[in-house]
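Good morning, colleagues. Please have the display in view, as I shall refer to it throughout this short presentation.

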Amino acid sequence: MSNIECYAKLKIHTGRMPAFKQSIDAIVADAEAGGVLRCDWFINEEKQESVGMLVYAGEAARQAHF
């Protein structure tokens with residue numbers, strides 16, 4: 001079984017940082033429920049950007065999180 005790595009760089013609209021952080025908290029909680037081997041998020045509030053990395057334990061794990 002091959003791991004599946006997903007990376008995303010996101011621009012956060014002005015005034016949406018609190019809602020964005022809530023969404024990331026939900027993604028992390030879901031990842032901790034199983035099937036995700038790695039879940040890292042880096043937020044640069046000054047630039048209003050974020051980078052996320054998730055590594056799934058195969059296609060079944062990726063499908064379970066969509």
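Among contacts in the protein between residues at least 6 apart in sequence, what percentage join residues at least 24 apart? The figure is 59%. I should state at once that this is a predicted model.

Let me begin with confidence. The mean pLDDT of the protein is 92, with 98% of its residues at 70 or more. Compared by element, strand 3, residues 49-56, has the highest mean pLDDT, at 96, while helix 2, residues 59-64, has the lowest, at 87. As a general caution, predicted coordinates should not be read in detail where pLDDT is low.

I turn to the overall arrangement. The protein contains two helices and three strands, and from the N terminus these elements follow the order β-α-β-β-α. The C-alpha trace spans about 40 × 15 × 15 Å along its principal axes. Of the 66 residues, 27% count as buried.

Two buried residues deserve a closer look. The first item is isoleucine 12, located in the loop between strand 1, residues 4-11, and helix 1. Isoleucine 12 is classed as buried because its relative accessibility is 5%, below the limit of 20%. Which residues does isoleucine 12 contact, leaving aside its neighbours within four places in sequence? They are Met17, Phe20, Ile43, Gln48, Glu49 and Ser50. Isoleucine 43 is 31 residues from isoleucine 12 along the chain, and their C-alpha atoms are separated by 9.5 Å.

Glutamine 48, one of those contacts, is notable for its backbone. Although glutamine 48 is not a glycine, its phi is positive, at about 60 degrees. Glutamine 48 is found in the loop between strand 2, residues 36-44, and strand 3.

The other buried residue is alanine 31, which belongs to helix 1, residues 17-32. Alanine 31 has a relative accessible area of 7% and is therefore buried. Beyond residues up to four places away in sequence, alanine 31 touches Val36, Cys39 and His65. Histidine 65 is 34 residues from alanine 31 in sequence, yet the two lie 7.7 Å apart in space, C-alpha to C-alpha.

Alanine 31 and His65 also appear in the lining of the largest pocket, whose volume is about 170 Å³. The full lining consists of Cys6, Ala26, Ile27, Asp30, Ala31, Leu54, Tyr56, His65 and Phe66. The elements giving two or more residues to this lining are helix 1 and strand 3. Helix 1 supplies the largest share, four residues. By class, the lining has seven nonpolar residues, one polar and one charged.

Finally, the cysteines. How many disulfides does the protein have? The count is zero. Cysteine 6 is in no disulfide because the nearest cysteine sulfur, that of cysteine 39, is 11 Å away, whereas a disulfide requires sulfur atoms within 2.5 Å. Cysteine 39 is likewise in no disulfide, its nearest cysteine sulfur being that of cysteine 6, at 11 Å. Cysteine 6 counts as partly exposed, with a relative accessibility of 26%, and cysteine 39 is partly exposed as well, at 24%.

To close, I would draw attention again to two points: cysteine 6 helps to line the largest pocket, and cysteine 39 is among the residues that alanine 31 touches. Thank you for your attention.

Terms used
Residues are numbered from 1 along each chain as its sequence is written. This is a predicted model: local features need pLDDT of at least 70, side-chain atom pairs count only at pLDDT 80 or more; totals for chains, interfaces and linings use all residues. Side-chain values use heavy atoms; hydrogens and water are left out. Buried means under 20% relative accessible area, exposed over 50%, partly exposed in between (1.4 Å probe, protein chains only). Contact means heavy atoms within 4.5 Å. pLDDT is the predictor's confidence in each residue, from 0 to 100. On a 1 Å grid over the protein atoms alone, a cavity is a set of points where a 1.4 Å probe fits but cannot get out, and a pocket is an open set with protein on both sides within 12 Å along at least five of seven lines; lining residues have an atom within 4 Å of a point. Grid points are joined across faces, edges and corners, and a volume is the space filled by probe spheres set on the points. Ala, Val, Leu, Ile, Met, Phe, Trp, Tyr, Cys and Pro count as nonpolar, Asp, Glu, Lys and Arg as charged, and the others, Gly among them, as polar.
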